[in-house]
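Student: I would like to go through this model with you, one part at a time. Shall we begin with the helices?

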Amino acid sequence: RKGKQDAIRGKMFTKMSKEIIVAAKMGGGDIAMNPRLRVAVEKARENSMPVDNIKRAIARGTGEIEGADYEEIVYEGYGPGGAAIILECYSENRNRTVGEVRHAFSKNGGNMAENGSVAWQFKHVGQIVVDRSGKDEDEFTLMALEAGAEDVLVDEDSFTVVTAMEDLHRVNGALEKDGVKAQDVGLLYMPTNKADLTQEDQIKLLKLLDALDDLDDVQETYVNVDIAEEALQEA
């Protein structure tokens, strides 16, 4: 059991390191001047990633020390029942990555698609997730909209502030000035055209998503399906 937990932890640290490397490569190694890097480092710290690992990842991103030169790649595909899937990958070997992704799709009832054939069913937006405890829904929503947000989604434990991509860090900065600390900040593909799958296809889709998530180069997976609790239990 400990071996499995260590493997999961190691995989999580690897993904966090890649995000730090890419963030530092794109915006520099100064946390104060690079919002994407600041969020990535805070997330790593919250998950007890060793400080030396964080420093090393930043140095690799800025080119101070040698290491893999990751590029961001987006792949699109279809899953069982016609589910639309978008993958964000960080890779230092594009040929290897596309081969592994294609194999995972074909082995689990899906297929890769050309760029743009799936993306129209999603909107690329900014997301700021905030713990809702102790916050009034109406007051927080008004605060977020005044800061420049497009929408605020509400669930039991959190508020999700949706922004235009280019407004993400400006809105987050405004919320920080108002004393709001985000749990997560980043870009994501939000589905705008949901697919309605049978429970059987949802179970098959979950197996495909698991196979894709297991790939080292896959950073994030997005799908336009609301998975039912029954399918999660069956899978």
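Student: How many residues does helix 2 have, and how far does helix 2 reach from its first C-alpha to its last?

Tutor: First, a word on the source: this is a predicted model, in which local features need pLDDT of at least 70 and side-chain atom pairs count only at pLDDT 80 or more, while totals for chains, interfaces and linings use all residues. Residues are numbered from 1 along each chain as its sequence is written, and side-chain values use heavy atoms, with hydrogens and water left out. Helix 2 (35–46) has 12 residues and reaches 16 Å, close to the 16 Å expected at 1.5 Å a residue. The expected span is 1.5 Å times one less than the number of residues. Helices (H or I, at least four residues) and strands (E, at least two) are DSSP runs, numbered from the N terminus.

Student: Which residues of helix 2 are buried?

Tutor: They are Leu 37, Arg 38, Val 39, Ala 40, Val 41 and Ala 44. Buried means under 20% relative accessible area, exposed over 50%, and partly exposed in between, with a 1.4 Å probe and protein chains only.

Student: And what comes just after helix 2?

Tutor: Ser 48 takes a positive phi of about 60° there, and Ser 48 is a residue other than glycine. Ser 48 belongs to the loop between helix 2 and helix 3 (51–62). With a relative accessible area of 47%, Ser 48 is partly exposed.

Student: What about the span of helix 3?

Tutor: The end C-alpha atoms of helix 3 are 17 Å apart, which agrees with the 16 Å that its 12 residues should span at 1.5 Å a residue. Buried residues in helix 3 are Ile 54, Ala 57, Ile 58, Ala 59 and Gly 61. Gly 63 follows helix 3 and has a positive phi, near 90°.

Student: Changing topic: in what order do the strands of the sheet with strand 5 run?

Tutor: That open sheet has four strands in the order 5-6-4-7, with antiparallel pairing. Two strands pair if DSSP finds at least two bridges between them. Strand 5 (151–154) and strand 7 (184–191) are the edge strands, each pairing on one side only. From one strand to the next, the twist averages 35°.

Student: How many bridges are there between strand 5 and strand 6?

Tutor: Four bridges, in the antiparallel sense, pair strand 5 with strand 6 (residues 158–163). Val 154 stands opposite Phe 159 of strand 6.

Student: Which helix lies across strand 5?

Tutor: Helix 5 (residues 137–146) lies across strand 4 (122–131), strand 5 and strand 6, and runs at about 150° to strand 5. Axes are lines fitted to C-alpha atoms, for helices over the stretch in contact, and angles run from 0 to 180 degrees between N-to-C directions. Contact means heavy atoms within 4.5 Å.

Student: How many aromatic pairs does a search of the whole structure find?

Tutor: The search finds two aromatic pairs. In one of them, Phe 140 and Phe 159 have ring centres 4.6 Å apart and planes at 15°, so the pair is stacked. Rings of Phe, Tyr and Trp (its six-membered ring) pair if their centres lie within 6.5 Å; planes under 30 degrees apart count as stacked, over 60 as edge-to-face and the rest as tilted.

Student: Which parts does the pair of Phe 140 and Phe 159 tie together?

Tutor: Phe 140 lies in helix 5 and Phe 159 in strand 6, so the pair ties together parts that are 19 residues apart in sequence. Phe 140 is buried at a relative accessible area of 3%, and Phe 159 is buried at 0%.

Student: Let us turn to the other sheet. Which strands stand at its edges?

Tutor: That sheet is open, with four strands in the order 3-1-2-8 and antiparallel pairing. Strand 3 (111–113) and strand 8 stand at the edges with a single partner strand each, so one side of each is left without a neighbour in the sheet. The twist averages 30° from one strand to the next.

Student: How many bridges join strand 1 to strand 2?

Tutor: Eight bridges join these antiparallel strands. Tyr 75 has Leu 87 in strand 2 as its bridge partner.
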